Amino acid sequence: MQREPRDWLTSCRVYLRAPVITLLFLGFSAGLPYLLVFSTLTAWLEDSGVDVAAIGFFSWIGMLYSIKLFWAPIVDRVRLPLLGRALGQRRSWMLLGQALIAAGLVGLSGVDPLGHLPLVAAFALLTAFGAATQDIVIDAYRIESGEAEIQAAMASTYIIGYRIGIVVAGAGALYIADAASWSTAYLSMAALVGIGMLTVLLRPEPPRQQGLGRVLFHPRVKRFLHAGASRPEWQRRAGVWLIAAVVCPVADFFQRYARLAFALLLFVAIYRIGDIVMAAMANPLYLSLGFTKSEIASVTKVFGVAMTIGGGVLGGLLVVRYGLARMLVIGGIAVALTNMAFAVLALGGQSLPLLVLTITGDNLANGLASTVFIAFLSSLTSRAYTATQYALFSSLMTLPGKFIGGFSGVAVANLGFAPFFVLSGLLGVPAIALAWWLGRRLPELGGARDTPAP
């Protein structure tokens, strides 16, 4: 069932709400450390004369972002001493993550990479761990801070802030390193972590529910707890905690969505699959066509980021005006078509106007689809288990695409660029069909988000 569209003025006003503005600064805080442990760090290592083989191993640091679901239950359920009492569950963990990021960046600023690679790796891991922890909490904070109707706008401002953070950590850090030193660049980035810290201190703790609820009263869970009555106290407490932190988030999702649960999980896994698969072959395509590195950087990084931000804002507005169900279908169609636009670019040769047109469409579609999909994932997430459930959804979202994307080079080598990008676009067709199917079966996507009290 589709709701009636809202007028444009009402849709635009959503961006003036305090929770929506807050996510702009938290998005910046999330985007800032990402490149500082990836491409910016590898540029520093290369500039310092570190062997290229050793530099390659630093890509493993990024695995921390992919396995954050393993400590998400701890972030969701464990209250930090002192900080937790003073700031609340979400803000205390967020501040801790930011403190770890700042400490890691300050540590990196004081180390000469040449001859001290283990120490550089340790500080980089500390930074990445703090950043992944912060990501867990920001996702939970976003969902708990605003009602369903403003989630898309919050996702939009988050993406804008995130992209700004990436630009600052990429181009900004390189400019500072060129003008002064790498040490100054990393110290400057550590100081900018203060933006996120200040945001945490100024904004209130969001309300949250406690969600043992129906799961604790499930017959099998009651039998498990009864069977452990004779065990030591610490074992009983550990069993209850594991149920609350691990079993309850999964059981809650299946209880709320019943037969639709598996279809929803399948949809989460395939919605962005085509876009993720094609991403690895975009830069090789540009270079194979003869575009210079400067042209690629100017069009895909600077201009492309602006288009992504524009797509994010547009996505937030369209969800408020037309609803989430419709925009999931439109976002999927937009991404599939713009993937195929790369096939046109591959056949068109070295044409700068065609590159600009392709990047315009691709980044607008990406920004729009990302905003809509983040709002969708937020709608699936119960406020009782925000951190754990969203970490599971976001990991599931990227896993199939990353796995299949590993074979993208083999596909290009055997088929060529144009057929590969056509196939990547066709990968989005099942997701479009499933989005339409789900939209007809869920009267309002996200309507069952909150777990009722038992």
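Ser 370 is found in helix α20, where helices are DSSP runs of H or I with at least four residues, strands are DSSP runs of E with at least two, and both are numbered from the N terminus. Ser 370 is buried, with a relative accessible area of 18%; buried means under 20% relative accessible area, exposed means over 50%, and partly exposed lies in between, for a 1.4 Å probe and protein chains only. Leaving aside its neighbours within four places in sequence, Ser 370 is in contact with Ile 159 and Arg 272, contact being heavy atoms within 4.5 Å. The model is predicted: local features need pLDDT of at least 70, side-chain atom pairs count only at pLDDT 80 or more, and totals for chains, interfaces and linings use all residues. Residues are numbered from 1 along each chain as its sequence is written, and side-chain values use heavy atoms, with hydrogens and water left out.

Asn 366 is also in helix α20, which covers residues 352-380. Asn 366 has a relative accessible area of 13% and is therefore buried. When neighbours within four places in sequence are set aside, the contacts of Asn 366 are with Arg 272 and Asp 275. Arg 272 is thus a contact of Asn 366 and also of Ser 370.

The protein as a whole has 24 helices and zero strands. Of its 454 residues, 53% count as buried. The accessible surface comes to about 20,000 Å², and 70% of this belongs to carbon and sulfur atoms; accessible areas come from the Shrake-Rupley method with a 1.4 Å probe, and for residues only the protein chains shown count as cover. Among contacts between residues at least 6 apart in sequence, 83% join residues at least 24 apart.

Two residues illustrate contacts between parts of the chain that are separated in sequence. Met 307 is placed in helix α18, residues 293-322. The C-alpha atoms of Met 307 and Leu 364 are separated by 5.2 Å, although the two residues are 57 residues apart along the chain. Not counting residues up to four places away in sequence, Met 307 touches Thr 360, Asn 363 and Leu 364. Gly 130 lies in helix α9, residues 117-145, and counts as buried at 0% relative accessibility. Its C-alpha atom is separated by 9.1 Å from that of Pro 33, 97 residues apart along the chain. With neighbours within four places left aside, Gly 130 is in contact with Gly 97, Leu 100 and Ile 101.

Helix α11 (residues 182-202) has 21 residues and reaches 31 Å from its first C-alpha to its last. This span is close to the 30 Å expected at 1.5 Å a residue, the expected span being 1.5 Å times one less than the number of residues. The buried residues of α11 are Trp 182, Ala 185, Tyr 186, Met 189, Ala 190, Val 193, Gly 196, Thr 199 and Val 200. An α-helix has 3.6 residues a turn, so residues three or four places apart point the same way. The buried residues of α11 pack against α2 (18-36), α3 (39-47), α8 (89-109) and α10 (151-179).

Two packed helices are described by the angle between their axes and the distance between the axes. The axes of α8 and α11 come within 8 Å and cross at roughly 170°; axes are lines fitted to C-alpha atoms, for helices over the stretch in contact, and angles run from 0 to 180 degrees between N-to-C directions. The two helices are therefore roughly antiparallel to each other, since angles under 35 degrees count as roughly parallel, over 145 as roughly antiparallel, 65 to 115 as roughly perpendicular and the rest as oblique. Residues of this contact include Met 94, Leu 95 and Gln 98 of α8 and Tyr 186, Met 189 and Val 193 of α11. The residues of the contact divide into 16 nonpolar, four polar and one charged; Ala, Val, Leu, Ile, Met, Phe, Trp, Tyr, Cys and Pro count as nonpolar, Asp, Glu, Lys and Arg as charged, and the others, Gly among them, as polar.

The axes of α22 (residues 408-415) and α23 (residues 417-426) come within 7 Å and cross at roughly 130°, and these helices are therefore oblique to each other. Ser 408, Ala 411, Val 412 and Leu 415 of α22 make the contact with Phe 417, Pro 419, Phe 420 and Leu 423 of α23. By class, there are seven nonpolar, one polar and no charged residues in this contact.
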